[in-house]
Amino acid sequence: MDFEVNRQDFRDTRIVDPAPAELAQGQIRIAVERFALTTNNVTYAVAGDMLDYWGFFPAETPWGRLPAMGLGSVVETANPQVPVGGRFFGFYPMSGQLVIAAEPRRNGFRDVGSHRANHADAYTSFIDVGSDQMFRDHRADEYLLLRGLFMTSFLADDYLDGNGFAGASQTLVTSASSKTSICLAACLARRGHPSIGLTSARNRAFVESLDMYQQVIAYDEIDQLDSNTASGMVDMAGNGSVRSAVHTHFGDKLAFSLTVGATHWEERAGSSHDLPGPKPEFFFAPGQIAKRTQEWGEAELTARIARSWHYLLEGSDRWMTVVHRRGPAEISAVYRELLEGQADPSIGYVVSMSPDFDNRAGLVTNTDGFDDGLVHS
């Protein structure tokens with residue numbers, strides 16, 4: 001079964017149940033064990049056309065299949081280089097299974113289908129979690145919820161530090177309650193760079209309880225900040241009025257304006273040409289990965305990410321509670337909750353298309369016709 005979103009109306013969704021396709025030579029079938037659902041998936045919908053997130057898993061127009069960070073195992077293969085078994089992390093559709101054209105890699109494989117030709121390597125790779133320094137079996141849920149978001153935040157922090165924060169002495173982070181923002185705040189705190197969390201009045205108490213931001217303010221309090229302090233902004237919200245308020249308040253004292261997310265999808269920023277201060281810049285994480293891989297080498301980059309990751313993971317129980325949801329109806333409900341901005345920021349949803357998924361026993365039974373016993377968490 002597949003969860004699909006109307007690309008012209010994100011509130012319009014459907015569940016389809018296509019017959020399993022026969023494998024062509026070189027293809028593999030992956031049973032999707034579970035995946036994380038966060039506000040980041042809403043960002044994928046908002047930026048779906050601009051960054052071709054809809055192109056990851058093509059669907060019949062006007063429908064689209066949103067990517068999600070998940071775990072899966074190979075249950076059928078027509079590729080002699082990719083055997084049945086294993087457990088792989090990567091971008092999956094919100095589905096029960098996935099068929100891809102697989103090319104073996106040192107630590108897994110990648111999707112080399114023609115529709116993926118223009119996608120960055122980070123988006124097409126499936127990593128054998130047994131070889132990943134960041135994976136711990138008893139922390140599989142946290143891994144799904146935070147690994148990808150943390151990678152974005154780690155790379156944004158690294159990008160800003162590599163550019164001396166453009167002279168800014170503090171960084172404003174919008175949508176401060178989102179998990180990507182929390183990961184960024186942790187990276188900035190570890191670096192010793194002050195951050196200010198901008199959030200809604202509803203989420204203010206939660207953001208203050210994190211004790212990661214030097215200061216927490218509501219969106220309607222931006223004008224209370226010292227406009228003479230050289231500041232930067234990392235925009236996770238994509239809210240046009242918030243972005244305009246920050247640019248207008250700081251003017252030339254705003255050293256940079258980096259756009260990362262769009263959690264406020266219905267209040268998307270309009271034209272940025274007339275804003276005071278620097279022109280907003282969109283941050284593309286795979287570009288920073290490529291840069292650092294070339295400069296540091298893959299092993300060194302991996303080691304640095306792993307060290308910072310485990311620092312974050314150690315304290316995640318303090319601010320995040322994992323909640324499991326199973327089956328198409330519950331997936332739809334979680335998606336709608338996130339889309340409408342009604343989710344509790346302290347909850348991390350990990351979901352499975354199969355209503356028979358048992359996280360404790362580590363089994364998925366009858367996943368779109370497969371009885372594979374593939375989960376071992």
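**Contacts, compactness and a three-stranded sheet**

In this predicted model, contacts between residues at least 6 apart in the sequence of the protein include 70% that join residues at least 24 apart.

Biologist: How many helices and strands are there in the protein, and how does its radius of gyration stand to the globule rule for 377 residues?

Modeller: The protein holds nine helices and 17 strands. The globule rule gives 21 Å for 377 residues, and the protein is close to that value, so it is as compact as a globular protein of that length. Its radius of gyration is 21 Å.

Biologist: What percentage of the 377 residues count as buried?

Modeller: A residue counts as buried if its relative accessible area is under 20%. With that cut-off applied to the 377 residues of the protein, the buried part comes to 56%.

Biologist: Which strands stand at the edges of the open sheet that has the order 2-1-4?

Modeller: Three strands form this open sheet, and their pairing is antiparallel. Two of them have a single partner strand each, so one side of each is left without a neighbour in the sheet. These edge strands are strand 2 (9-16) and strand 4 (63-64).

Biologist: Which residue of strand 2 is the bridge partner of F3?

Modeller: Strand 1, which covers residues 2-6, pairs with strand 2 in the antiparallel sense over five bridges. In strand 2, the residue that partners F3 is I15.

Biologist: Which helix packs on the sheet, touching strand 1 and strand 2?

Modeller: The direction of this helix makes about 170° with that of strand 2. The helix spans residues 327-339 and is helix 9.

Note on methods:
Residues are numbered from 1 along each chain as its sequence is written. This is a predicted model: local features need pLDDT of at least 70, side-chain atom pairs count only at pLDDT 80 or more; totals for chains, interfaces and linings use all residues. Side-chain values use heavy atoms; hydrogens and water are left out. Two strands pair if DSSP finds at least two bridges between them. Helices (H or I, at least four residues) and strands (E, at least two) are DSSP runs, numbered from the N terminus. Contact means heavy atoms within 4.5 Å. Axes are lines fitted to C-alpha atoms, for helices over the stretch in contact, and angles run from 0 to 180 degrees between N-to-C directions. The radius of gyration is taken over C-alpha atoms; the globule rule is 2.2 Å times the number of residues to the power 0.38. Buried means under 20% relative accessible area, exposed over 50%, partly exposed in between (1.4 Å probe, protein chains only).
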